[in-house]
Amino acid sequence: MLINPLQYLQLALQITRRFKWAFIAMCYIGLCVTLGYRMFIVLAPFVVLSLVAYFRDKEREERGMEDFRGNWLFFRYGDEVDQTVLPIRVQAEWSAAEIYQFAQSLRAGLGQRILGRLPADAAQVLPSLTITDQGSGEKKDFLRVLVRSRFGSMLTHFVHYASFGRTITAHYFVYLRGTHSEWDVVKFVLASPFTIWFWGVPWLLNRHSIISSLSAFRDSSFDGIDLQTMYSLTHQVVVEETLAILEEAGILTEEVKQIIYYNFSQKISIKGSPGLSMGNVSQAAPTPLKRRPA
């Protein structure tokens, strides 16, 4: 039976991951035997560069530097677990400029409503986050809602209203990311002489997040429960306030309402966090979230 070359590559990657630290330990031992104390001179630049990159990446995240290149929008926020697109019709007599301004006001208004619904000490709400595609120079404004679990796992909602023709298209994104420890940073630095060749250039081009790559979900059922709670609450608030702001603007038609009911009740399964499955969350009242079967 012939094996697809892609299967060979996947098998090679699995073997490499499994024996990664054995290979790195052998390399360090070989360098120590061959170079002696000069080994530290050879490895020092890689260690320094990886530490500088890590703290720079941390600074980028703390300052909210979300600019990107290519197809790497939201690359700092982990895995995309949901994306919903909602078409909204506006008044036929409005000009393109009026539609654009109305889209901006929808985003700002939704941000203020969500800010008033979520506890300030548990959620970070940015009604206007401007992100630039560094390749084209194009800018877009997003609403960002970010919450963290007690263990550090992060759930993030993004909302963008794009005007086109006689419609406004609402884009809703949900991202999930785990957390990392100091030991993860130590391992990253120790492996940097062998891995910097793969992540160095993408990191310089804003196509790679060191912190995101180090993050993983804590092996804790309680963290899964916290993530379910966070998602249920934030999802409910985003949906309810979307309905409210569209109704207030006089553009909540029965068709739009049905689209919202359908799209925002789809099942979301998030891999990586133990026993976590987010699904069938109604905009009227959140239903209990099911656990993924073992």
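## Close-ups of a predicted model

**View 1. Val-147 stands opposite Leu-155 of strand β4.** This is a predicted model, and the close-up looks at the pairing of β3 with β4. Strand β3 covers residues 139-148, and its antiparallel pairing with β4 runs over 6 bridges. The hairpin of these two strands has 5 residues between them, and Gly-152 takes a positive phi there, near 105°.

**View 2. β4 and β5 meet in a second hairpin, this one with 2 residues between the strands.** Here Gly-165 is the residue with a positive phi, near 60°. The two strands run antiparallel and are joined by 11 bridges, with β5 spanning residues 167-177. To find your way along the pair, look for Met-154, which has Arg-177 of β5 opposite it. How many residues of β4 are buried? For this strand (residues 154-164) the count is 8 of the 11, so the rest of the structure largely encloses β4.

**View 3. Five strands line up as an open sheet in the order β1-β5-β4-β3-β2.** The pairing in this sheet is antiparallel. Which strands stand at the edges? They are β1 (79-89) and β2 (123-132); each has a single partner strand, so one side of each lacks a neighbour in the sheet. On average, and ignoring direction, neighbouring strands are turned by 20° against each other. At the β1 end, 10 bridges link β1 to β5 in an antiparallel run, and Gln-83 sits opposite Phe-173 of β5. Helix α4 (residues 96-117) packs on this sheet and touches β2, β3, β4 and β5. Its direction makes about 155° with that of β4.

**View 4. Helices α3 and α5 cross roughly at right angles, packing at about 75°.** Helix α3 takes in residues 38-62 and α5 residues 182-204, and their axes are 8 Å apart. An angle between 65 and 115 degrees counts as roughly perpendicular, and the two helices are therefore put in that group. The α3 side of the contact includes Leu-43, Phe-46, Val-47 and Tyr-54, along with Arg-56, Asp-57 and Arg-60. Among the α5 residues they meet are Phe-188, Pro-193, Ile-196, Trp-197, Trp-199 and Trp-203. Sorted by class, the contact of α3 with α5 has 15 nonpolar, 2 polar and 3 charged residues.

**View 5. Helix α2 crosses α3 at roughly 130°.** Helix α2 runs over residues 20-35, and the axes of the two helices come within 7 Å. That crossing makes α2 oblique to α3. From α2, the contact uses Tyr-28, Leu-31, Cys-32, Thr-34 and Leu-35; from α3, it uses Arg-38, Met-39, Val-42 and Leu-43. By class, these residues split into 7 nonpolar, 1 polar and 1 charged. Leu-43 also appears in the contact of α3 with α5.

**View 6. Cys-27 and Cys-32 are both partly exposed.** The relative accessible area is 21% for Cys-27 and 42% for Cys-32. Buried means under 20%, so Cys-27, at 21%, doesn't count as buried. How many disulfides does the structure hold? The count is 0.

**View 7. The whole chain has 8 helices and 7 strands.** Pull back from the close-ups and you have 294 residues, of which 42% count as buried. Among contacts with a separation of 6 or more, 66% come from residues 24 or more positions apart.

Notes: Residues numbered from 1 in each chain as written. Predicted model: local features only at pLDDT ≥ 70, side-chain atom pairs only at ≥ 80, totals over all residues. Heavy atoms only, no water. Disulfide = S-S within 2.5 Å. Buried < 20%, exposed > 50% of the residue type's maximum accessible area, 1.4 Å probe, protein only. Helix = DSSP H or I, 4+ residues; strand = E, 2+ residues; numbered from the N terminus. Pairing = 2+ DSSP bridges. Axes fitted to C-alpha atoms, helices over the stretch in contact; angles between N-to-C directions. Parallel < 35°, antiparallel > 145°, perpendicular 65-115°, else oblique. Contact = heavy atoms within 4.5 Å. Nonpolar A, V, L, I, M, F, W, Y, C, P; charged D, E, K, R; others polar.
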